[in-house]
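Hi everyone, thanks for making room for me today. I'd like to walk you through one protein model, so let me put it up on the screen.

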Amino acid sequence: MSTLPIDPVENLTKLIQCASVTPADAGALQTLENMLAPMDFTPRRITFSDDHTPDIENLYAKRSGDGPHLMFAGHTDVVPVGNEGDWSHAPFSAAIYDGVLFGRGAVDMKGGIACFIAALARVLKKRTLPGSVSLLITGDEEGPAINGSVKLLEWAKQHGEHWDGCILGEPTNPNEMGDMIKIGRRGSLSGQLIVTGVQGHAAYPHLADNPVRGMVALSQALLFPALDEGTENFEPSNLEITSIDVGNPATNVIPQEARATFNIRFNDTWDENSLKAELTRRLNEAANANDLRPHAKGAVNYQVVWKEPVSQVFLTRDDALIDTLQSAVRSVTGRTPVLATGGGTSDARFIKNYCPVVEFGLVGKTMHMVDERVALDDLETLTQVYQRFITDWFDKAQGA
């Protein structure tokens, strides 16, 4: 029993010391396998490939039993560290100073993995679980997310795997442990708006058609009015134009073309088709009504190229999963976590197609930042929450 990985700090130290900047693994998955071995997990390493993307090695590890099946999902890849000289401690040293552990991936999200493994080890030290536990771990969450969870889930399903619930260990708490559980996510849709004009001399605008003028009108149509005011479970949808470019270094040349990229985070007012239809309606109306082009005739010449993949909006409605986690958080932290759906995307967008999924992890204040770090007390708190959740979920699921 002494070999069980019950210490989340020790677990996280080992994981951070693997410099697994996406798409590199740097020994992170083998480190996980070593932790899971004393708990009788059967590990499988699966590498997926695709055109124009790096090959990614993934881990699916299962501890089999008779009864309900709980999945823990996460990722071992991390974002680049930036300028190492800006860090107070080397980003892959897992240095501990004044009760805080520093390192890339400390909260996003090696810390969540380290805590779940420690929690499971503590549970197994005391009792036998009436069911199965699996870890679905990818090295492609911070990258293009093509050769990671989306393919690993389908691979597992084809090999006969079925799950009754999943907890994803992303950092969900804005300020303190116990603040927030994610029970859904907004959808994400991206596109590129291309406006084509006629190149010419800036002093002779009547001989040209400046696409920037049309781009201004069409961009305004995308941004205003607001798409919606939000719904019961979701904050308002928002569209952000993230780039406008004409590729024109000359000040005396009217460009031929202007391009803008945009992203929409949409709530359950919309689905992919209805949102595309609304944006197309706005663009067509603006293109035909544009009065900013005094030297051009006809509608603004434009096209939209929609980007893949599209993340669909979803909301988890599994009361047993949500209530059990909320109760575990409350019992350990004394706080009742808000049930939220905001923020960016996560691999929950893939998992929700296979089983109910909720997200709960560490405080996310320093994720992706220089000096990413986690308080040692928070690691212990999260471990205790997971420990209580694992025990209570299996008890409830077995009795259902």
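I'll start with some salt bridges and then move on to a sheet.

One thing to keep in mind: this is a predicted model.

Okay, salt bridges. How many salt bridges does the structure hold? The count is 18. I've picked a few to show you.

Here's one between Glu161 and Lys62, with the closest N and O atoms 3.2 Å apart. Glu161 sits in the loop between helix H4 (149-158) and strand S7 (165-168), while Lys62 belongs to strand S2 (residues 53-63), so this pair ties together parts that are 99 residues apart in sequence. Buried or exposed, what would you guess for Glu161 and Lys62? Both of them are buried.

Next up is Arg127 with Asp395, where the closest N and O atoms are 3.1 Å apart. This pair also links distant parts of the chain: Arg127 is in the loop between helix H3 (110-126) and strand S6 (132-138), Asp395 is in helix H9 (residues 376-399), and they are 268 residues apart. Arg127 is partly exposed, because its relative accessible area is 26%. Asp395 is partly exposed too, at 37%.

Now for a pair within one helix. Arg281 makes a salt bridge with Glu285, and the closest N and O atoms are 3.4 Å apart. Where do the two lie? They're both in helix H6 (residues 272-289), four residues apart, which is about one turn of the helix. Arg281 is partly exposed, with a relative accessible area of 43%, whereas Glu285 has 52% and counts as exposed. And there's a bit more going on here: Glu278, Arg281, Arg282 and Glu285 are joined into one network by salt bridges that share partners.

Let's turn to the sheet. It's an open one made of four strands, in the order S12-S14-S10-S15, and the pairing is antiparallel. Which strands stand at the edges? Those are S12 (238-245) and S15 (301-306); each has a single partner strand, so one side of each is left without a neighbour in the sheet. From one strand to the next, the twist averages 20 degrees.

If you zoom in on S10 (residues 187-196) and S14 (residues 257-266), you'll find them paired in the antiparallel sense over 10 bridges. For instance, Gly187 has Phe266 in S14 as its bridge partner.

And helix H6 comes back here: H6 packs on the sheet and touches S10, S12, S14 and S15. The direction of H6 makes about 165 degrees with that of S15.

That's my tour, thanks for listening!

Conventions:
Residues are numbered from 1 along each chain as its sequence is written. This is a predicted model: local features need pLDDT of at least 70, side-chain atom pairs count only at pLDDT 80 or more; totals for chains, interfaces and linings use all residues. Side-chain values use heavy atoms; hydrogens and water are left out. A salt bridge is a side-chain nitrogen of Lys or Arg within 4 Å of a carboxyl oxygen of Asp or Glu. Buried means under 20% relative accessible area, exposed over 50%, partly exposed in between (1.4 Å probe, protein chains only). Two strands pair if DSSP finds at least two bridges between them. Axes are lines fitted to C-alpha atoms, for helices over the stretch in contact, and angles run from 0 to 180 degrees between N-to-C directions. Contact means heavy atoms within 4.5 Å.
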